[in-house]
Amino acid sequence: KWYAKSSGTTSERSKYIPVSRVNLKQCHIKGSWDSVAMLYNNIPTARVFADKSLIMGGSLEKFKPHPDTTIGDVSAVMLANMPLIGRPFTSPNLETALLDDWEEKIERMSKEAIKENITMFGGVPTWTIVLFRRILEMTGKDNMFEVWPNAQLYMHGGVAFEPYREQFKRFFPSDKFLYQEVYNASEGFFGLQDDLSSDDMLLMLDYGVFYEFIPMKDWNSDNPRVISIEDVELGENYAIVISTSAGLWRYKIGDTVKFTSIKPYKIKITGRTKHFINAFGEEVIIDNADKALNKACQITGAEVSEYTAAPVFMKDGNSGKHQWLIEFSTQPESLEYFTEILDNTLK
C-alpha cells in the first residue's frame, strides 16, 4: 500500500518503488535508528531524545486509480510510519510535515520551528536551505545559531552535499557544528556515516538488501561484468545493482560508488551512471565536479545554487573542452579567477 516515488533520473518518468512493511521496518526505519546510535557513539552529549529534531520531509498523496495506496517521497513515507516513541521529539507536527503545498509548508514549518529548541536537523540540503532562509527572514537573525543556540548536527542525504557546504557554514558558523551523511534512497537505506571525522559511509549489509556491482569501465559494454561484494577493489568506480526484501530484483539504482575500505565495507557516493562526461577519455564524474566547485567557492567566497556541465567537441582544429553553466547565490569577485581554480582543481 506504500510506494516511494523515485526522481526518475534513470528514465523519463518517475517510478513507484514498493515499500513493504518488512522493508520499511527492517531497512528504512532500522537505518534511522542505527544512524542515531552512531550519532550518540560520536557525540555522547547529543540531545536527540531531550530536545527537538527538525525533519524536512516530502509529501504524500493517494494514488487515484487505487485510493487505498499512498505514494510520495520516501522521507514522507518514513515520517508517516515513524514509531510513536519518536514523534514527541520531532518538529513540525505530522500534518505540517506531510503537506503537499510547498509554500504553505515552508510558512507553517517556519512558524512552528522557531518556537522550539531544535538541536538536530534532517533532510535534503536543497529543501533545508529554503526553510532556513525563510526562518532568517521571519526572525531578522543573521544565522541559525541565533534562532537555535543549542544546534548540534545536520543529518543529510539525497543529493551531494559538497556544493552546499559553504552555505551551511554561513548558516552555522562554528567548527563545532557537525554533519552526518546517510544513504537513504527510494529503493532502500544503504549506508550511514559511522565516523564523523571521515567522509565515507558504512555499507549496511543486514537491511534485506543484496548487493552486486558493475565496474563503470564496463558499463557501456553489451554484456557488462557483474561482481559480488567480496570481489570489489578499493578506488574502483562501480554502479550498484540491488535485490531487496521489497521485491526489486537485480535493479540498477543509477548511483555510482567507490570503496574506501574493505574491512569493514565503506563507500563514497561518486555520482550517477548517467551523470558523467567522458567525451575525450577524461572520465569526469560528479564527485570530481563537486570537489572542484567546493574548492573554488572556499577560495573566492562564492556560493553555488545549481550547476551543469557538458562537453564541447573538437571542431575546426580546436581541442575539446567543457562548458559550465553555474547559478551563483553569491557571485565571486572575479569569474576568471573562479574559473581558473575550478579548471586547475579538475586537472
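Over residues 8–12, pLDDT (the predictor's confidence in each residue, from 0 to 100) stays under 50, and the model has 9 contacts beyond four places in sequence for this stretch, a contact being heavy atoms within 4.5 Å. Where pLDDT is low, the predicted coordinates should not be read in detail. For the protein as a whole, pLDDT averages 89, and 96% of the residues score at least 70.

This is a predicted model, in which local features need pLDDT of at least 70 and side-chain atom pairs count only at pLDDT 80 or more, while totals for chains, interfaces and linings use all residues. Residues are numbered from 1 along each chain as its sequence is written, and side-chain values use heavy atoms, leaving out hydrogens and water.

Turning to the overall fold, the protein holds 8 helices and 20 strands, which are DSSP runs (helices H or I, at least four residues; strands E, at least two) numbered from the N terminus. Among contacts with a separation of 6 or more, 59% join residues 24 or more positions apart. The C-alpha trace spans about 65 × 50 × 45 Å along its principal axes. Of the 347 residues, 48% are buried, meaning under 20% relative accessible area with a 1.4 Å probe and protein chains only.

A closer look at one residue follows. I299 lies in helix 7, residues 286–300. With a relative accessible area of 43%, I299 is partly exposed, the class between buried and exposed (over 50%). Beyond its neighbours within four places in sequence, I299 contacts Y337 and I341. The C-alpha atoms of I299 and P332 are 9.5 Å apart, with their positions 33 residues apart along the chain.
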